[in-house]
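Work through the exercises below with the sequence and the model at hand. Each task is followed by a solution in steps.

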Amino acid sequence: MKAAYQTDIGQQRAQNQDRVNLFTKNGVSLAVIADGIGGNRGGDVAAELTVSQLGHYFMTATPHTVTEATKWFKTQVQAVNDLIIQKSKQIKDDQGMGTTLVGAIIFADQAVVANIGDSRAYLLHGKDLRQVTVDHSLVQELVKHGDLTQAEAEHHPKNNIITRAVGITSQAKVDVSLIELVKNDQLLLCSDGLSKMVSRNTILKALLTCQDEQAKCAELVDAANAAGGPDNITVLIVKNDQEG
């Protein structure tokens, strides 16, 4: 497996509230991105807690199968959710803090992907790029009910309003899905600072043409900044270089 990640403050924010990391143990990896909710105080604290605690849980008790990984995400994300709520009650300035989450537990030929909010996961298979996650957002609800097309949703003025987050309510409703991986597949995780500013064609081109994973991350961050960079930008790319 080859992997790289990059996070950037963007062009218009005073603070980077995104957090990202990659943890590996016994040949299994956890990739995770958290995007602190910008409108809430303590978004950076919530994002930091989410990434660091999930990493700690993973390194302490690494799941060995996709079944274990699915259960692990549901259990451990709830534990992080409870911790954030507890912390927000203790520190006045952090009351109401929350974060999005996208993560993947990666095995040799499969990955378990989890998300809350509008941070995304994409899978590149051959030249086919597909979005693995479904945003938990107001506009996605409108798409689901037929009131907007997917194309209209991408540019809707309220596309920043999310309907789920970690640390906001007592129940962390995480979506978990399983994807198959073959050699040369690429898994891309990102915050909405990338997905809202960079087209799928630009993502596809970077994944297909840049020399290595770090160069791909840099290319995508640069593209989001060139498009205005109104938000923090975080990208994590994993390439499966093993036979399944």
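**Exercise 1.** Which helices and strands each supply at least two residues of the lining of the second largest pocket?

Solution. The model is predicted, so local features need pLDDT of at least 70 and side-chain atom pairs count only at pLDDT 80 or more, while totals for chains, interfaces and linings use all residues. Residues are numbered from 1 along each chain as its sequence is written, and side-chain values use heavy atoms, without hydrogens and water.

Step 1. A pocket is an open set of points on a 1 Å grid over the protein atoms alone, where a 1.4 Å probe fits, with protein on both sides within 12 Å along at least five of seven lines; lining residues have an atom within 4 Å of a point.

Step 2. β6 (120–125), α4 (150–154) and α6 (200–209) each supply at least two lining residues. Helices (H or I, at least four residues) and strands (E, at least two) are DSSP runs numbered from the N terminus.

Step 3. The lining has 11 residues, and E154, S195, V198, S199 and R200 lie nearest the pocket centre. By class, three of the lining residues are nonpolar, four polar and four charged. The pocket holds about 160 Å³ of space.

**Exercise 2.** Describe the sheet that contains β6 and the helices packed on it.

Solution. Step 1. The strand order is β1-β10-β9-β6-β7, an open sheet of five strands with antiparallel pairing. Two strands pair if DSSP finds at least two bridges between them.

Step 2. β1 (2–8) and β7 (128–131) each have a single partner strand, so one side of each edge strand is left without a neighbour in the sheet.

Step 3. β6 and β9 (residues 186–190) are joined antiparallel over five bridges, and A121 stands opposite L189 in β9.

Step 4. α6 packs on this sheet, touching β6, β7, β9 and β10 (233–239), and makes about 125 degrees with the direction of β7. Contact means heavy atoms within 4.5 Å; axes are lines fitted to C-alpha atoms, for helices over the stretch in contact, with angles from 0 to 180 degrees between N-to-C directions. Helix α7 (residues 213–226) touches β1, β9 and β10, at about 25 degrees to β1.

**Exercise 3.** In what order do the strands of the sheet with β2 stand?

Solution. Step 1. The order is β2-β3-β4-β5-β8, again open and antiparallel.

Step 2. β2 (18–25) and β8 (175–180) are at the edges, each with a single partner strand.

Step 3. β2 pairs with β3 (residues 28–35) over eight bridges; K25 is opposite V28 in β3.

Step 4. Helix α1 (residues 43–60) lies across β2, β3 and β4 (101–106), at about 5 degrees to β2.

Key
Grid points are joined across faces, edges and corners, and a volume is the space filled by probe spheres set on the points. Ala, Val, Leu, Ile, Met, Phe, Trp, Tyr, Cys and Pro count as nonpolar, Asp, Glu, Lys and Arg as charged, and the others, Gly among them, as polar.
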